[in-house]
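Welcome! Let's look at this one together and talk it through.

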Amino acid sequence: MHLRSLCAVLAALVLAAAPAAAASDPPSANATPAAAAPTANGPVAIANGLLDQLDAGDFAGAEARFDAQMAAAVPAAKLKELWASLPAQVGASRGRGEARVSNVNGLQMVAIPLHYEKAELLAQVAINDKGQISGFLVKPAPAPQAAAPATDAPFTEQPFRVGPGETGLPGTLALPKGQSPGSGWPAVVLVHGSGPHDRDETVGPNRPFLDIARGLADEGIAVLRYDKRTMARPQDFSAGDYTVDDETTNDAVLAVAALRGTPGIDASRIYVLGHSQGAMLAPRIARKVAQSGAPVAGLVMLAAPARPLLDILPEQNRYLLQADGDILPAEQAFLDDLDAKIARVRSGQAMPDKDTPLSLPASYWRDFDTIDPVADALAVDVPTLLLQGGRDFQVVDTDWQLWQRALAGHANATLKHYAPLNHLGITGSGPGSMAEYQKAGHVDAGLIADIASWINQQSTRN
């Protein structure tokens, strides 16, 4: 099951057709390349035929290509909603790239680049041995691999493992060079926003966690970043019975514990830096860390929602769909359906996963909906730095105002607002948009310097 959530990679939220099976996962490390079949009934022809029908508006014909499970999860009406929303988000189509075929768990996985005016996307079509489509996903195209740090950088990067054995998550530890001060370097664990993320929290050509990690390491602060479980081990969620702790919180707690046992790290100066959903969960992570041992030294919350995600999700989608000045009937139907799904989740009624927002388990949403980020933050007595971009259309001024009121007068809390920054901490101008995420940029150097300065101030006070 390919998991999409919200906040940090809204592209995945809006652009992805709900997958029905594990066939819609990205090709794994075990996938073996296969030559593209030239025959009319080969996998490439089947995948392109699906895209041709979607482009032509033949959604019933497209659904007819699906196996029974896929057809139940993504019927023609849902296909129409999803495909109709693409141009509003990424502009006009500019054609397709060359298809690549892999064998994944007995299925043929066809990956086809989709070129749009404002974004590069990747269609993934899984085809079974009967020639039926078992999975279909459209997502942002992966960015090229990041360059290694310069040889004269004042830090090194080394592989790091979060969690035991084969269930552990691969990561990277940026460690300052030279003799560590006192009992070791201060350190930060980075916690992703929602959805499956790599360790750099890659969004289009942007890598906010890479920027933050290397920027802080330049300032003598060790930083651990790791692949999120939904990215590294989607099979761990195949049973469908999981919570946000399984998805995010527990691994962050393990990451803090792993850093504590790392040579050169000051175990008393470990901070958690969460972005978006990760920021919302940072106080929860701090509480669980404290239950298992010494507390974290502090929290950095970047673009932190102050309200439940099921309140924010409709706002995000309405903002995006009306960005062109008009909401089409199909788009309004999508919004109405989303509102109905959220209401049903909150009613406590039994409902299949395919009928929930983003097709995530109802149990996941109901567990998550009990989290009050403001109350959690007030209940954790550790220094907190809260950062908000003024051009963020995903976590908006309403959330910023709620945080300001809640944390006013708290000596341990520092709040900073950056008018030109978007949700990723990147400078821009004008209203925030999806298209902006496809333009290469870097997290604002001033924001990173503020984080480093704040951490160093805490170390001085202690």
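What follows is a short conversation between a visitor and a guide.

Visitor: Which are the edge strands of the sheet?

Guide: This is a predicted model, where local features need pLDDT of at least 70, side-chain atom pairs count only at pLDDT 80 or more, and totals for chains, interfaces and linings use all residues. Residues are numbered from 1 along each chain as its sequence is written, and side-chain values use heavy atoms, leaving out hydrogens and water. Strands are DSSP runs (E, at least two residues; helices are H or I, at least four), numbered from the N terminus, and two of them pair if DSSP finds at least two bridges between them. Eight strands make an open, mixed sheet in the order β7-β8-β10-β9-β11-β12-β13-β14, and those pairing on one side only are β7 (155-162) and β14 (413-418).

Visitor: In β13, what is the bridge partner of Leu302?

Guide: Strands β12 (residues 298-302) and β13 (residues 384-389) run parallel, joined by four bridges. Leu302 has as its partner in β13 Leu387.

Visitor: Within what arc do the buried residues of α14 fall?

Guide: Buried means under 20% relative accessible area, with exposed over 50% and partly exposed in between (1.4 Å probe, protein chains only). In α14 (residues 397-407), that applies to Asp399, Trp400, Trp403, Ala406 and Leu407. Taking directions from the helix axis to the C-beta atoms, these residues line one face of the helix, because seen down the axis they fall within an arc of 130 degrees.

Visitor: Just after α14, which residue takes a positive phi?

Guide: The phi there is about 85 degrees, and the residue is Gly409.
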